[in-house]
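User: I am new to this structure. Please take me through it in short questions and answers.

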Amino acid sequence: MKKLSIGTIRKVIHGSLVKGNDNLMISSVVTQAKQVESSNTLLFLLNPRTFDWRFIKKYLPCAIVTDRPIGHCPFGNNCTIIKVNKIKESYYDFIDFYRNQFDIPVIAVTGTCGKTTTKDMTRHILKHFYKTEGTVKSTNGESKHLSYLMKLNDSVEAAVYETAVAAPGYIKKSSRYFKPQIGIITNIGIDHLDQCKTLEGYIKAKGEMVKAVGEKGTLILNADDDNIKKISLEDFKGKIIYYGVGENSDYQASNIEFVPKGMSYILTVNNKRYKVFIPGYGVHQVYNSMAAIAAAYEVGISYRDSIKLLPSFKHLNSHFEVMKGLNQCQLIVDTWNINPTSLEASIKTMCEIAKNRKKIALVGSIDALGKNSRQLHQKVGDMICQYDLDVLITIGSQARYIALQCRRNGFKGKVYSFSSTEGVRRLLNQIVDKDTTLLTKCSMHDPAVINFVNNLKLKK
């Protein structure tokens, strides 16, 4: 954080000094007392009911902003107290002020799938030219916004943030903190219907990115995604960049090939062609890389420089990792997240790299599908029937509807359904060998299945 004096902050939030010192320099800002971890911290007391003086006892001097009485302070002038009229208004006055201290390019990435990889690819490129901050892994919830913003200081030259949509308003809230000028939407499938209720509601929530980047901002959009096309852009006056495989794309991929350890393709942009290699399998990786190249170019990095850097990019663990597994099989661990869109991408990619091997998919239940979870799992079963799999194994109460639908549709392979992981290892021992490719796909929030999959990895 860029250090600020209490005097400066008081002017910004229109606060009055109850006690303490205007000269106290603040080097950290939090919203909960239990988050105080160092001296010279400023606490915006958004929820006074959880406040306990003991949390800050070890970290004096510090300061508190409040809009209501909080009892007698036992620490004298070591604890500065500022009174404001409305705590939330003052808090966001500070957020606006602090973000506006930094005139740097900020990129926000959202999408049903690929947002973490696209964010990391973009940051991988940018960090070779600029000191870059951003989201850690996929820790993108609202509770982390303030801590990410506080990492900005005068040495930071660019930032890339992942903006999730667990419910309507999430991107709108994140934009209050980060104020991105460039927004990427990777794709929009079915997800988070427990909060967004319908696919249309989810599309609208993702579409908040249009306003997030502002009137003069830049949108980088997947031209081949039908649901992105449903986002209204009529009133958007900024710049729109499309990427995809179609001729209407500003960044167009062609000659896409699966090659050892990754993907190869020709990128056509501004009437020039470039050969691109990216580590990691799947056509979806081609899309992720095009979005990253486009974002980097908008920040001032040439196509050639971005393309040179992509081969050294390292994916997060559990993102379609290919390794040796049980009985010397080819094991694919893709357990970071699961939704219908990412599951189909994984199955499609497995079929490409497995070739003539026996193909087995082990699939867990899909979270956050709302009241129509059963029907949506059945649609996943319809999708799976389109692929040439030898065996489908489902684990979980909702995933069983995938298995049932496959049986109804005359799925050509064998289908097994388990309520838990019990018995699955025994089955796999019987059907998996060195000529098998085993795809494992589940949610990171399903620890039993995650632990089971980890035990399928060949011990080194």
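User: How many bridges join strand E11 to strand E12, and do they run parallel or antiparallel?
Analyst: This is a predicted model. Strand E11 covers residues 182-185, and strand E12 covers residues 218-222. Gly183 stands opposite Leu219 in E12. The two strands run parallel, and the bridges that join them number four.

User: In what order do the strands of the nine-stranded open sheet come?
Analyst: E11 and E12 are neighbours in this sheet, and its pairing is mixed. Strands of a sheet pair through backbone hydrogen bonds, either parallel or antiparallel. The order is E9-E10-E8-E11-E12-E13-E14-E15-E16.

User: Which are the edge strands of that sheet?
Analyst: An edge strand here pairs on one side only. The listed order begins and ends with the two strands in question. They are strand E9 (132-134) and strand E16 (272-279).

User: By how many degrees are neighbouring strands of this sheet turned against each other on average?
Analyst: The value is an average over neighbouring strands, and direction is ignored. It comes to 20 degrees.

User: Which strands does helix H3 touch as it packs on the sheet?
Analyst: Helix H3 spans residues 115-126. Its direction makes about 170 degrees with that of E10. The strands it touches are E8 (106-110), E9, E10 (158-162) and E11.

User: What is the strand order in the six-stranded open sheet?
Analyst: This sheet also has mixed pairing. Its average twist from one strand to the next is 15 degrees. The order is E17-E18-E22-E19-E20-E21.

User: Why is one side of strand E17 and of strand E21 left without a neighbour in the sheet?
Analyst: Strand E17 covers 321-324, and strand E21 covers 414-418. Both stand at the edges of the sheet. One side of each is left without a neighbour because each has a single partner strand.

User: Which residue in E21 is the bridge partner of Leu392?
Analyst: Strand E20 covers residues 391-395. Five bridges join E20 to E21, and the two strands run parallel. In E21, the partner of Leu392 is Val415.

User: What angle does the direction of helix H13 make with that of E21?
Analyst: Helix H13 covers residues 400-408 and packs on the sheet. It touches strand E19 (358-364), E20 and E21. The angle with E21 is about 155 degrees.

User: How far apart are the end C-alpha atoms of residues 320-440?
Analyst: An unreviewed UniProt entry annotates residues 320-440 as "domain: Mur ligase C-terminal". Over this stretch the chain is 36% helix and 26% strand. The end C-alpha atoms are 9 Å apart.

User: Which helix gives the largest share of the lining of the largest cavity?
Analyst: The structure holds one cavity of 30 Å³ or more. The volume of the largest cavity is about 40 Å³. Its lining includes Asn140, His145, Tyr170, Lys173 and Ser174, and divides into two nonpolar, four polar and three charged residues. The largest share, three residues, comes from helix H5 (residues 170-178).

User: Where is Pro61 placed?
Analyst: The peptide bond from Leu60 to Pro61 is cis, with omega near 0 degrees. Pro61 sits in the loop between strand E5 (41-44) and strand E6 (62-66).

User: In which loop is Lys137 found?
Analyst: Lys137 is not a glycine, although its phi is positive, about 50 degrees. Asn40 is not a glycine either, and has a positive phi of about 60 degrees. Asn40 lies in the loop between strand E4 (28-30) and E5. Lys137 is found in the loop between E9 and helix H4 (145-149).

Terms used:
Residues numbered from 1 in each chain as written. Predicted model: local features only at pLDDT ≥ 70, side-chain atom pairs only at ≥ 80, totals over all residues. Heavy atoms only, no water. 1 Å grid on protein atoms, 1.4 Å probe; cavity = no way out; pocket = protein on both sides within 12 Å on 5 of 7 lines; lining within 4 Å. Points joined across faces, edges and corners; volume = space filled by probe spheres on them. Nonpolar A, V, L, I, M, F, W, Y, C, P; charged D, E, K, R; others polar. Pairing = 2+ DSSP bridges. Axes fitted to C-alpha atoms, helices over the stretch in contact; angles between N-to-C directions. Contact = heavy atoms within 4.5 Å. UniProt positions renumbered as here; feature names shortened; annotations may be inferred.
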